[in-house]
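Here is a friendly note to read alongside the model. Please keep the 3D view open as you go.

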Amino acid sequence: MNRVSITKLQKKMRTQFIGRSIFFSRKVSSTNDWAKQLAAQGTPEGTVVIAATQTHGRGRLDRKWISPMGGLWFSVILKPEVNVAKIAHLTFVTSLAVAECLKDLYGLKVETKWPNDVTIGGRKICGILGETSSTGEKATFVILGVGVNVNFDTEKIFPQSIRLTTTSIQKELGRKVDLETMLKALLERLEKTLDLYVNEGFMPVLSEWKKYAFFLGEEVEVVDQENKIKGTAYDVAEDGALVLRSEDGSLRRIFAGDLFLRICESPW
Ligand code: BTN
């Protein structure tokens, strides 16, 4: 991926506003930070920033996001007319768009995982970091950062601690794929899914998203910086909260954290 290939891609792209303007760099600290600076300077909605590698890629819960060459690391600037309380919806919109795109392009058996990961066989292939700047209750802009493990072998590149929980397109397909084709398809799908959200609201997006949500009905643990909460993943609510059912049958809503499936001990 380089500037010339990005310019060619833009000419072929069938979107109204997403990716009409694309900034590319070989190396940045974090595309989310770069996009935030641009948005604060008044860069138009739909602008996409993309980097071949990130030196300080960031994940949710302040985690480091390893971003070698061969991955797809980009951020989209949005200026939605929504209350900050509804910003979480946009990360569901994005993970649904990524899941459908990977399924359609490569026939992969993708899953969505609360709050906004895309996985294959339970292994993470894509993460999304949504960040907002707001005045009062209104969002001034939203940055949707998307990281997809594409043309590299996670087992060779990633540290031991995350090798078993991650995967990449190359690992799943046994070959590399064209990054520009994937970026184009992803941005087109993101715009389409955003249109659905704007025109029909969150419910149709959520009900599509749930079709890929393999964890629903499973015994899970939700872990944030301090707590570990166990229960059955009962539902995802209209505000994006995970609804957990405890052993005593009570329902509890959770807004942040990481979800882990609890492997039940075999009786044999
Ligand atoms: C997560 O699952 O924790 C979210 C990971 C988000 C990573 C992407 S890569 C592009 C953008 N720039 C960043 O620094 N982070 C996001």
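The points below look at the ligand and then at the pocket around it.

1. This is a predicted model, where local features need pLDDT of at least 70, side-chain atom pairs count only at pLDDT 80 or more, and totals for chains, interfaces and linings use all residues. Residues are numbered from 1 along each chain as its sequence is written, and side-chain values use heavy atoms, leaving out hydrogens and water.

2. Start with the ligand: 19 residues surround it, each with a heavy atom within 4 Å. The closest are Ser30, Gln54, Arg58, Arg60 and Lys124.

3. Now look for polar contacts (pairs of N or O atoms within 3.5 Å). An N or O atom in the side chain of Lys124 is 2.5 Å from a ligand oxygen. A backbone N or O atom of Arg58 lies 2.7 Å from a ligand nitrogen, and a polar side-chain atom of Thr31 lies 3.0 Å from a ligand nitrogen.

4. How much of the ligand does the protein bury? Taken alone the ligand exposes 420 Å² (Shrake-Rupley method, 1.4 Å probe), and the protein buries 98% of that.

5. Strand E6 (123-135) gives the most to the shell around the ligand, with 4 residues. Strands here are DSSP runs of at least two residues, numbered from the N terminus.

6. By class, the ligand's shell has 5 nonpolar, 10 polar and 4 charged residues. Asp, Glu, Lys and Arg count as charged; Ala, Val, Leu, Ile, Met, Phe, Trp, Tyr, Cys and Pro as nonpolar; the others, including Gly, as polar.

Conventions: A polar contact is a pair of N or O atoms within 3.5 Å; within protein, one must be able to donate a hydrogen and the other to accept it, and residues adjacent in sequence count only if both atoms are side-chain atoms.
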